[in-house]
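Good morning, colleagues. I would like to take you through one protein model, and I ask you to keep the structure in view while I speak.

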Amino acid sequence: MVIVLGIESTAHTFGVAVVKNGKILSNVRDAYTTEKGGIIPMEAAKHHETVKSVLYEKALEEAKIKEKDIELIAFSQGPGLAPCLLQGLNFMKELAMKLKVSVVPVNHCVAHLEIGKITGAKDPVLLYASGANTQVIAYASGKYRVFGETLDIGIGNFIDTFAREAGMGFPGGPKIQELAEKAKEKDNGANYIELPYSVKGMDIALSGLLTNLKQKFKSGKYTVEDLAFSLQEMAKIMCEERGARFFVPENSLLVDNAAMIAFTGEIMFNKGIKVSGKEIEKLDILPRQRTDDVIVSWK
Ligand code: FE2
């Protein structure tokens with residue numbers, strides 16, 4: 001049983017967390033946001049540089065531990081934006097050298113999947129929906145494998161593009177959620193608008209749906225609340241209709257966060273995976289590492 005420090009820095013969020021024995025002792029983060037337009041990698045990296053020390057202090061304080069109590073560091077090695085990943089890598093190296101502890105490099109996407117275990121779900125089918133990715137994933141023969149995915153844009157980009165079109169800035173998800181809640185409060189979804197979902201075998205396509213939403217928004221015939229309500233996912237209802245159990249971790253573990261990195265790092269470490277001493281210096285970022293590149297040897 002070790003105290004693990006997690007570091008997350010793949011994209012807009014810089015996060016630091018402390019995990020011990022599968023329990024999250026702290027999980028703090030700060031996200032780079034923009035009023036309009038998308039993410040600028042160098043700007044996001046600058047943001048990470050500015051907030052890292054404060055977040056580190058905050059994570060230790062909330063976990064009620066001292067710096068010297070840290071026994072292992074888990075960091076997000078990839079995939080992600082190179083300038084952002086480098087901030088995390090350098091911060092990890094600085095701390096590992098100072099504290100003389102071992103390190104576990106964690107794949108960010110695999111961490112999004114592994115944290116699902118915190119719900120008590122055993123060997124689930126996972127819906128992975130982040131910025132550019134929308135995938136149905138399950139573990140099979142040593143790897144997390146993609147069984148179905150979007151054929152064009154990811155659901156996060158889909159939501160952000162519509163939000164930008166409707167003048168909501170970035171990230172669009174929380175604002176869409178807020179508007180959808182308003183529509184639900186108003187008439188319990190009575191104004192649900194039929195939208196053209198395209199499912200092809202195990203895959204889906206979203207660009208037709210996006211075009212349709214943009215047209216409906218521009219037509220002025222529909223309220224933005226009703227459109228927001230109608231575009232949200234129906235994963236829970238679909239599970240109920242098919243007799244499947246539905247698990248969802250709390251929101252702070254669904255967004256990019258360092259707790260999932262520390263949580264996964266601890267599982268890997270318990271199965272003997274670690275990098276120590278001079279080997280740590282050789283570690284590099286893996287901006288393009290795919291989920292199914294990772295050999296899941298800890299299962
Ligand atoms: Fe992510």
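I shall begin with the metal site, go on to the two sheets and the helices, and finish with a pocket and some backbone details. Please bear in mind throughout that this is a predicted model.

Let us start at the metal. Which protein residues act as donors to the iron ion? They are His108 and His112, each through NE2, and Asp256 through OD, at 2.1 to 2.2 Å from the ion. Along the sequence, these donor residues follow the spacing H-x3-H-x143-D. Histidine 112 and aspartate 256 thereby link distant parts of the chain, being 144 residues apart. The histidine belongs to helix α3, residues 108-114, while the aspartate sits in the loop between α9, residues 251-254, and α10, residues 259-270. Are these two residues buried or exposed? Histidine 112 has a relative accessible area of 16% and is buried, because the cut-off for that term is under 20%. Aspartate 256, at 14% relative accessibility, counts as buried as well.

I turn now to the five-stranded sheet. It is an open sheet of 5 strands in the order β3-β2-β1-β4-β5, and its pairing is mixed. The edges are taken by β3, residues 23-31, and β5, residues 102-107; each has a single partner strand, so one side of each has no neighbour in the sheet. On average, neighbouring strands here are turned by 20° against each other, direction ignored.

Two pairings illustrate the mixed character of this sheet. Strand β1, residues 3-8, runs antiparallel to strand β2, residues 13-20, and 6 bridges join them. Within that pairing, valine 4 has valine 19 of β2 as its bridge partner. By contrast, β4 and β5 pair in the parallel sense, also over 6 bridges. There, alanine 74 stands opposite valine 104 of β5.

The strand β5 deserves a closer look. It is an edge strand; why, then, is it described as largely enclosed by the rest of the structure? The reason is that 6 of the 6 residues of β5 are buried. Ser102, Val104 and Val106 point one way from the strand, and Val103, Pro105 and Asn107 point the other way.

Which helices lie across this sheet? Helix α1, residues 41-63, lies across β1, β2 and β3, and runs at about 155° to β3. Helix α10 lies across β1, β2, β3, β4 and β5, running at about 115° to β5.

The other sheet is an open one of 3 strands, ordered β6-β7-β8, with antiparallel pairing. Its edge strands are β6, residues 126-129, and β8, residues 143-149, each of which pairs on one side only. Here the average turn between neighbouring strands is 40°, direction ignored. Between β6 and β7, residues 134-140, the antiparallel pairing extends over 4 bridges. Glutamine 135 in β7 is the bridge partner of tyrosine 128.

Among the helices, I should also mention α7, residues 224-231. Its buried residues are Asp226, Leu227, Ala228, Ser230 and Leu231. These residues pack against three helices, namely α4 (155-165), α5 (173-187) and α6 (207-219).

Next, the second largest pocket. How much space lies in it? The volume is about 160 Å³. The lining consists of Lys93, Ala96, Met97, Lys100, Val101, Gly277, Lys278, Ile280 and Glu281. Both α2, residues 82-99, and α11, residues 279-282, supply at least two lining residues each. The largest share comes from α2, with 3 residues.

Finally, some points of backbone geometry. Glycine 78 and proline 79 are joined by a cis peptide bond, with omega of about -10°. This proline lies in the loop between β4 and α2.

Two residues other than glycine have positive phi values. Serine 141, in the loop between β7 and β8, has phi near 45°. Asparagine 188, in the loop between α5 and β9 (198-200), has phi of about 55°. Where do they stand with respect to accessibility, buried or exposed? Serine 141 counts as exposed at 66% relative accessibility, and asparagine 188 is exposed at 60%.

That concludes the presentation. Thank you for your attention.

Terms used: Residues numbered from 1 in each chain as written. Predicted model: local features only at pLDDT ≥ 70, side-chain atom pairs only at ≥ 80, totals over all residues. Heavy atoms only, no water. Donors = N, O, S within 2.8 Å, 3.2 Å for Na, K, Ca; no water. Buried < 20%, exposed > 50% of the residue type's maximum accessible area, 1.4 Å probe, protein only. Pairing = 2+ DSSP bridges. Axes fitted to C-alpha atoms, helices over the stretch in contact; angles between N-to-C directions. Contact = heavy atoms within 4.5 Å. 1 Å grid on protein atoms, 1.4 Å probe; cavity = no way out; pocket = protein on both sides within 12 Å on 5 of 7 lines; lining within 4 Å. Points joined across faces, edges and corners; volume = space filled by probe spheres on them.
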